Every structure is written in C-alpha cells, then in structure tokens.
Amino acid sequence: MMNRRSFISTGTATFLSIPRVFAAATKYDLIVKGGRVIDPSRKLNAIRDVAISQGRIVAVEPSISAGAAETIDASGKLVVPGLVDIHTHATRTKDGPALCLADGVTGLIDAGSQGADRIAETIAVAKSAPQQCRVLINIGRAGILPEGDTMDISRADVAAAREAISRNREMIAGVKARLSRDVAGPNDFEVLRRAQEVASSFHLPVMIHMGQTVSPLPKLLALLKPGDVVTHMFAPPPNSIIDDAGHILPEVMAARRRGVKFDLGNGRTGHLRWDIAESVLKAGFLPDTFSTDWTPESRTAQVINFPNVMSKFLMLGMSIDQVIACATVNASRIFPVFRNRGTVKVGAPADLAVLELREGSFEFVDNFQNTRMGHQRLFPNATVLAGKRVANRT
Ligand SMILES: [Zn+2]
C-alpha cells in the first residue's frame with residue numbers, strides 16, 4: 001500500500017517528468033513524414049520530412065527524428081505547397097471555400113462572380129473562408145448575367161466599381177472583365193477600357209476572360225498592362241492565342257514579354273479544347289498558371305477538383321514539376337495576398353497539399369465533350385492549413 005508520502009513524491013516526480021518528456025516528444029506541432037516534396041520555388045523534388053511549428057514550416061530534411069504532436073504519414077505521396085487557384089467562383093456558396101480547401105486549395109480568388117451591386121455578398125463569404133480568399137470585382141455592376149454581364153454597356157459602371165473598391169480595399173484584389181461574344185458582345189473593347197480605368201486608380205490587375213470575342217484578340221491585348229491576367233488561354237477560335245498554322249500570335253508573345261500572365265481557367269463551356277491546348281504547348285507556350293473556374297456544379301463535371309485539372313496537363317506532356325509550379329509558386333506571384341505562399345521553404349506559412357499520383361487509365365473531358373485517356377491522375381489526400389491538418393470531410 002502506498003503511504004501518503006510516497007504517493008506525493010511519485011506524484012511530484014510524475015508531474016516534473018511529464019513536461020520534460022512531453023517537450024522532447026513534441027518538438028514540433030506537426031511532421032509530414034516521408035513524402036516526395038515537390039517545391040518548384042526551390043527546384044526541390046525529393047523525399048523529405050516537413051516539420052511545422054506555430055503555423056510555419058521550420059524544417060525540411062531527408063529525415064527528422066524529433067517528435068511531433070501529430071504526424072501525417074505521406075509515404076508514397078506527393079507533398080506540395082498548398083494550391084493557389086486564381087480563378088474560381090467559390091464564394092457563390094457559403095461552403096465553396098471549404099470544399100476547395102479539402103481539395104488542397106489553401107489560397108483562392110473568386111474571379112468576378114459579383115459586380116458593384118452585390119459585392120458585399122461575395123466578400124462576406126471570402127471573409128469567412130478558412131483559407132486566404134480574395135475577390136475580383138466584375139466590371140459589370142450586376143455581376144454574371146445569363147443575358148451577358150455588359151451587353152448593356154451602362155452596366156460597365158466605372159464610378160460604381162471604384163466606389164465598391166474604396167469600401168473594400170482589403171478584399172478586392174483586382175477587376176474582372178468577361179469579354180466573350182455572349183457576355184460583352186461588341187462592347188468588349190470598351191468594357192476592357194473601363195475595367196482598366198477602374199483598376200489603374202487602385203494599381204490593381206485586370207483579369208480578362210478571352211475566347212470567342214467580337215474584337216480581334218490583339219486589339220484587346222493592347223490594353224493589358226504588366227501583371228494583368230488572360231484567363232481561358234486555350235479557348236478555341238474565333239480569337240484563339242494561336243493561328244491555324246500553329247503559331248502563337250506575335251501580340252500574345254509580346255504581351256507575355258511585357259509581363260501579362262496566361263492562365264488556364266478550365267471551366268465547363270467554351271474554354272478548353274484538347275487540340276488547341278496541344279498546339280499551344282507544342283509551340284512551346286506553357287501556361288503561367290492553372291485555375292479551375294470552379295463552381296459548385298463543376299465538382300461533378302469536367303473540373304471535379306484542382307488536382308484533377310492539373311492531371312490533364314500531365315496527360316498533355318508537361319512534367320510534374322511544371323504542373324505543380326503552375327498551381328503553386330507561379331499563382332502565388334500574381335496577387336500580393338499570396339506573396340509568401342506557394343512554397344515549402346523554411347519560414348513560410350505552413351500551407352501544404354498532400355496529393356496522391358495514381359497510375360492507371362483515366363478519362364479526361366474538355367469543354368467540347370472530347371475525351372482523352374491519361375495514365376496518371378492526381379488525387380487530393382490531405383491538406384495542411386496554417387500548420388494544422390484540415391479534417392477530412394465526411
Ligand atoms: Zn470564371
């Protein structure tokens with residue numbers, strides 16, 4: 001039987017020793033162990049352990065033996081910087097950002113779901129998003145309309161957009177101008193001119209939605225400044241970035257040289273056709289960034305999730321490092337809110353996507369119902385946001 005004295009001393013010893021043992025066992029908050037870390041920001045592609053403390057990456061080493069409060073076994077999987085998706089419509093529904101987070105997307109932009117009239121709705125969702133989320137304001141003040149955002153040119157209201165940005169400077173990361181025939185009709189050039197008028201007063205980028213425009217693409221590209229983004233870069237004619245002979249338009253090359261970025265914008269209608277994507281890649285014109293053009297509906301058709309979209313470009317011949325770069329470091333450089341993201345560098349915020357690269361036979365569909373078979377597909381496996389593992393959705 002234990003007497004009172006020994007009970008106390010045992011208790012005290014236990015009390016004293018636990019914190020010491022605890023401290024040694026939990027040097028880190030989280031270790032992601034044994035995965036292939038692909039971090040194009042540092043040209044790293046190797047098996048590494050990643051240790052995280054207080055929301056930051058604190059060590060990236062071949063083997064980390066110190067303990068952690070939690071461990072993710074990533075053996076056989078890829079560990080990449082948290083994905084940054086610069087063209088989504090995730091704030092259309094309250095749970096959109098969380099659904100994207102489960103796919104590995106730790107930073108996202110809602111690209112023009114709303115204009116000045118209802119920008120507060122999309123900003124409210126962006127503010128409540130678990131991950132970094134910002135919005136682009138649609139230059140059409142009523143946002144996306146079935147009859148065309150700016151078919152009525154009075155909707156491209158410079159004063160209203162400026163006023164909305166002044167009120168929400170923190171949350172509005174740029175201006176979106178959707179320029180297709182069925183969105184802006186013959187107003188495309190004037191819509192873009194007005195978008196630039198709004199953006200330039202705040203030093204913000206403009207993202208244009210290209211493809212099937214009334215105006216020739218070169219005329220529109222002439223209005224783009226360094227840092228602006230062209231989304232839907234693989235849109236088929238009329239007004240592709242490539243001509244019938246397989247040459248990238250000289251105005252497109254010039255735009256890239258002066259710092260205009262070219263983005264995928266997968267979407268579901270009219271934006272992506274395999275033969276165009278093949279010709280553009282064959283001409284050596286690789287995308288700067290990938291993006292999904294995600295909507296809740298696209299989860300079951302064509303887009304599915306960001307890793308699936310990335311997989312299409314493995315099928316089209318890009319390397320895994322190139323594919324990861326387009327979804328991480330390249331995307332993080334477009335908007336200042338992501339400047340320190342898109343990397344697995346020591347000191348960076350600990351946002352990670354653990355992906356599984358499966359081998360097999362996988363069917364991919366473009367926006368024109370053409371199917372192609374690929375032999376690899378990326379699947380989301382786990383997400384780490386600000387150093388914490390995101391709970392799997394059930
Ligand atoms: Zn879109």
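Reader: Which residues line the second largest pocket?
Author: This is a predicted model, in which local features need pLDDT of at least 70 and side-chain atom pairs count only at pLDDT 80 or more, while totals for chains, interfaces and linings use all residues. Residues are numbered from 1 along each chain as its sequence is written, and side-chain values use heavy atoms, with hydrogens and water left out. The second largest pocket (an open set of points on a 1 Å grid over the protein atoms alone, where a 1.4 Å probe fits, with protein on both sides within 12 Å along at least five of seven lines) holds about 150 Å³ of space. Its lining residues (an atom within 4 Å of a point) are Pro205, Pro226, Gly227, Gly259, Lys261, Arg333, Ile334, Phe335, Pro336 and Arg339.

Reader: Which element gives the most to the lining of the largest pocket?
Author: About 480 Å³ of space (filled by probe spheres set on grid points joined across faces, edges and corners) lies in the largest pocket. Of its 26 lining residues, Arg178, His209, Thr269, His271 and Asp293 are the closest to the centre. Two elements each give two or more residues to this lining, strand 9 (172-178) and helix 5 (181-184); helices (H or I, at least four residues) and strands (E, at least two) are DSSP runs numbered from the N terminus. With three residues, the largest contribution is that of helix 5.

Reader: What volume does the largest cavity have?
Author: A cavity is a set of grid points where the probe fits but cannot get out, and the count of those of 30 Å³ or more comes to one. Among the residues that line the largest cavity are Pro81, Gly82, Arg341 and Asp351. Its volume is about 40 Å³.

Reader: Is threonine 106 buried or exposed?
Author: Threonine 106 is placed in strand 7 (residues 105-115). Leaving out residues up to four places away in sequence, threonine 106 is in contact (heavy atoms within 4.5 Å) with residues including Gly82, Leu101, Gln131, Asp351 and Val384. Because its relative accessible area is 4%, below the 20% limit (exposed is over 50%, partly exposed in between; 1.4 Å probe, protein chains only), threonine 106 counts as buried.

Reader: Which residues touch the most other members of the largest nonpolar core?
Author: A nonpolar core is a set of buried Ala, Val, Leu, Ile, Met, Phe, Trp, Tyr and Cys residues joined through side-chain atoms within 4.5 Å. The largest core has 85 residues, and those touching the most other members are Phe234 and Met310.

Reader: Which element gives the largest share of the core that has 85 residues?
Author: Among the residues in contact with phenylalanine 234, one of the two most connected members of the core, are Leu264, Leu272, Ile276 and Phe313. A second, separate core of 18 residues includes Val32, Ile52, Val60 and Ala382. In the core of 85 residues, the largest share, six residues, comes from helix 6 (residues 188-202).

Reader: What is the phi of lysine 43?
Author: Lysine 43 is found in the loop between strand 1 (28-39) and strand 2 (44-53), and at 78% relative accessibility it counts as exposed. Glutamine 212, in the loop between strand 10 (206-209) and helix 7 (217-221), has a positive phi near 55° without being a glycine. Lysine 43 is not a glycine either, and its phi is positive, at about 55°.

Reader: What is the omega of the peptide bond that joins proline 237 and proline 238?
Author: Proline 238 lies in the loop between strand 11 (229-231) and helix 8 (250-257). The bond that joins proline 237 to proline 238 is cis, with an omega of about 0°.
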